[in-house]
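Here's a protein to walk through together, piece by piece. Have the sequence and the 3D view open while you read.

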Amino acid sequence: MIALRPASLDDCAQVWAWRFAADVRAVSADARLVELDEHAAWYHARLLEPASPIWIVEDAGAGIGVVRVDQMADGSGMMSIALARAARGRGAGRGAIAASCQRWNKRVVAIIRADNTASQAAFEACGFRPAARTAPPFGGSQDLITYVWSPDGES
Ligand SMILES: CC(C)(COP(=O)(O)OP(=O)(O)OC[C@H]1O[C@@H](n2cnc3c(N)ncnc32)[C@H](O)[C@@H]1OP(=O)(O)O)[C@@H](O)C(=O)NCCC(=O)NCCS
């Protein structure tokens, strides 16, 4: 049973561990590694921005990953997700993305590497549609695909 709860200060190190696991960075649009100290400073500030939520994904009450939505200038959001390796591949990602869309309930995009088929499948299963494809960012090797979701199905 997948549920979301708001992230708290106590989740700081665990969120860092999920987000900056080597296998997560390897498939992320932003491959940069961030040390725990730098993450902690960002995280503490970020929790004070209620318009841009961070949710802990729970399966039967245990934390298995994190979803974050950054509110953009036009009011829509940018969603990112990272699940613990052991939690992947059995529907939790799909459940967490669907629950996050329900909570956010506004237009939201996800920027996914062209080689990240698991992420593309999970977001597509939740109604996200590809809207644009852009060349790799500096230093990257993979195109980025922008997926879009909105409550009314329009992009
Ligand atoms: C991306 C991620 C959140 C997906 O969550 P998940 O729990 O693994 O995915 P699910 O089990 O919910 O599967 C959702 C869909 O993806 C498919 N899928 C799962 N793993 C897959 C894989 N390795 N390759 C291809 N498709 C895969 C499933 O078949 C399913 O498709 P369906 O609904 O058509 O049956 C998770 O794998 C993850 O955290 N990965 C590392 C970080 C990451 O890539 N984040 C996203 C960056 S934008």
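Let's start with strand β7, residues 144-149. Its side chains alternate: I145, Y147 and W149 point to one face and are buried, while L144, T146 and V148 point to the other face and are not. "Buried" here means that 20 or more other C-beta atoms lie within 10 Å of the residue's own; 12 or fewer makes it exposed, anything in between makes it partly exposed, and the C-beta atoms are placed from the backbone. Helices (H or I, at least four residues) and strands (E, at least two) are DSSP runs, numbered from the N terminus.

Before we go on, two notes on the ground rules. This is a predicted model, where local features need pLDDT of at least 70 and side-chain atom pairs count only at pLDDT 80 or more, while totals for chains, interfaces and linings use all residues. Residues are numbered from 1 along each chain as its sequence is written.

**The partners of β7**

Which way does strand β5 run against β7? The two pair in the antiparallel sense, with β5 covering residues 108-113 and 6 bridges in the pairing. (Two strands pair if DSSP finds at least two bridges between them.) On this side, I145 of β7 has I112 standing opposite. Strand β6, residues 129-134, is also antiparallel to β7, and 5 bridges join them. Here R129 has V148 in β7 as its bridge partner.

**The nonpolar core**

A nonpolar core is a set of buried Ala, Val, Leu, Ile, Met, Phe, Trp, Tyr and Cys residues joined through C-beta atoms within 7 Å. The largest one has 30 residues, and V57, V66 and F123 touch the most other members. Elements giving two or more residues to this core include β2 (54-59), β3 (62-71), α4 (92-104) and β7.

Take V57 as an example. Leaving out residues up to four places away in sequence, V57 touches I2, L4, I64, G65, V66, V67, L83, A92 and A96. Contact means that the two C-beta atoms, placed from the backbone, lie within 7 Å.

**Two helices with a buried side**

In α1, the buried residues are V15, W16 and W18. They sit on the same side of α1 because they cover an arc of only 165° around the axis. (The arc is that of the directions from the helix axis to the C-beta atoms.) The buried residues of α1 pack against α3 (36-46), β3 and β4.

Helix α5 has S119, A122 and F123 buried. These cover an arc of only 95° around the axis, so they too lie on the same side of their helix, α5. An α-helix has 3.6 residues a turn, so residues three or four places apart point the same way. What covers the buried residues of α5 includes α4, β5 and β7. On the face turned away from that buried side, α5 carries the exposed residues T117 and A121. After α5 comes G127, with a positive phi near 100°.

**Around the ligand**

How many residues surround the ligand? There are 23, and the closest are R88, G93, R94, A118 and A121. A residue counts as near if its C-beta atom, placed from the backbone, lies within 6 Å of the molecule. By class, this shell has 12 nonpolar, 8 polar and 3 charged residues. (Ala, Val, Leu, Ile, Met, Phe, Trp, Tyr, Cys and Pro count as nonpolar, Asp, Glu, Lys and Arg as charged, and the others, Gly among them, as polar.) β4, α4, β5 and α5 each supply at least two shell residues, and the largest share, 6 residues, comes from α5.

**A few residues to look up**

Four residues are worth finding in the view.

| Residue | C-beta neighbours within 10 Å | Class |
|---|---|---|
| A60 | 8 C-beta atoms | exposed |
| N105 | 11 C-beta atoms | exposed |
| W42 | 13 C-beta atoms | partly exposed |
| S150 | 17 C-beta atoms | partly exposed |

A60 is in the loop between β2 and β3, and its phi is positive, near 50°. N105 lies in the loop between α4 and β5, with a positive phi near 60°. Most residues other than glycine have a negative phi.

W42 belongs to helix α3. Its C-alpha atom is 9.9 Å from that of C12, 30 residues apart along the chain. S150 lies in the segment after β7. The C-alpha atoms of S150 and N105 are separated by 7.3 Å, with their positions 45 residues apart along the chain.
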